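Here is a short report on one structure. Look it over before reading on.

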Amino acid sequence: MGLRDIKNSSEPCESSQPLRILVRHSVHGLSRFKNEKLLSKAYTIYPKLENQAYFGCEVNTLSEITQQWIQLLTRPNTTLLQEEKDLPMVLKEGQEPHIGFQPHQLLATLHSVFSAVCRIVTGHYILHHDPKTEAFITLLKATDSDKEVHLQKFNLHAVYSTGSVNTKNYTVPPWLALDTHVLTPFHLKHCKIPATFPMDNRKSSQKEKSGK
């Protein structure tokens, strides 16, 4: 199966009414409580690689906040498990100066994409970023590569059939600042403050405190 560029093809949209979008999704898990008074929760798991686990959890990047936002946006009434966060909490975290998350720009992009889809025939489509800059999006339509020849074509099967793995060489370690507001089970067990080095005299300090 090939994909062809359809960004220049358009047909009149049948309706100018606001868009209604049906999103197919699944949740990663449901909570169960022995106490019947507690209602079950739907959870979405967001794994995150931590490079400084001994000292604490790293702050989320703009890309990570964007992924968390869209996962919760498309799964209403769902809790995200990185820590337990809901959509308002993710939006609040995204407003931090080092992140600068602006959801209205993303929503405008989604509206533009859906408006374009509204004007074309029914079919299977995929969004494809410009491979050079990744600043532009091309809307591609599934087609038979053996029957149709186009100047711009993206072979989806060929891209995912390669066995090579692309790795990025960092000139400096990709470590981020630590979020000092997040206490992990490690911190709670060892009475440790996030983003601090271990105390050499911790045991003696505890004895002096208990002696008093």
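Is E50 buried, partly exposed or exposed? With a relative accessible area of 25%, E50 is partly exposed, because that value falls between the 20% limit for buried and the 50% limit for exposed. The model is a predicted one.

## Salt bridges

The structure holds four salt bridges. One of them pairs E50 with K48, with the closest N and O atoms 3.7 Å apart. K48 is buried, at a relative accessible area of 16%. The side chain of K48 also meets that of E64 in a salt bridge, at 3.9 Å from N to O. This pair links distant parts of the chain. K48 sits in the loop between β3 (42-45) and α1, E64 in helix α1, and 16 residues separate them. E64 is buried, with a relative accessible area of 16%. Through shared partners, salt bridges join K48, E50 and E64 into one network.

Another salt bridge forms between E93 and K85. Their closest N and O atoms are 3.0 Å apart. Both E93 and K85 are buried.

## Nonpolar surface patch

Eight names make up the next feature: L19, I21, V23, I70, L73, L107, L110 and F114 form a nonpolar surface patch of about 590 Å². Helices α1 (62-73) and α3 (103-118) each supply at least two residues of this patch. The most comes from α3, which gives three residues.

L19 is found in the loop between β1 (2-5) and β2 (29-30). Its relative accessible area is 37%, so L19 counts as partly exposed. That value is over the 30% that a patch residue needs.

## The largest pocket

How much space lies in the largest pocket? The volume is about 360 Å³. Twelve residues line this pocket, and the closest to its centre are L106, T109, L110, H129 and I137. L110 is thus named twice: among the residues of the nonpolar patch and among those closest to the pocket centre.

Which elements each supply at least two residues of the lining? They are α1, α3 and β6 (125-129). Helix α3 gives the most, with four residues. The lining divides into nine nonpolar residues, three polar ones and no charged ones. Helix α3 is therefore the top contributor to the pocket lining as well as to the nonpolar patch, where its share is three residues.

## Exposed residues in loops

L22 lies in the loop between β1 and β2. Is L22 buried or exposed? L22 is exposed, because its relative accessibility of 84% is over the 50% limit. Its C-alpha atom is 9.4 Å from that of T74, and the two residues are 52 apart along the chain.

F197 is found in the loop between α5 (185-189) and α6 (202-211). Its relative accessible area is 68%, so F197 is exposed too. How far apart in space are F197 and Y54? Their C-alpha atoms are 9.0 Å apart, while 143 residues separate them in sequence.

Technical notes. Residues numbered from 1 in each chain as written. Predicted model: local features only at pLDDT ≥ 70, side-chain atom pairs only at ≥ 80, totals over all residues. Heavy atoms only, no water. Patch = residues over 30% accessible without salt bridge, like charges linked within 9 Å, V, L, I, M, F, W, Y side chains within 5 Å. Areas by Shrake-Rupley, 256 points an atom, 1.4 Å probe, with all protein chains shown as cover. Buried < 20%, exposed > 50% of the residue type's maximum accessible area, 1.4 Å probe, protein only. 1 Å grid on protein atoms, 1.4 Å probe; cavity = no way out; pocket = protein on both sides within 12 Å on 5 of 7 lines; lining within 4 Å. Points joined across faces, edges and corners; volume = space filled by probe spheres on them. Nonpolar A, V, L, I, M, F, W, Y, C, P; charged D, E, K, R; others polar.
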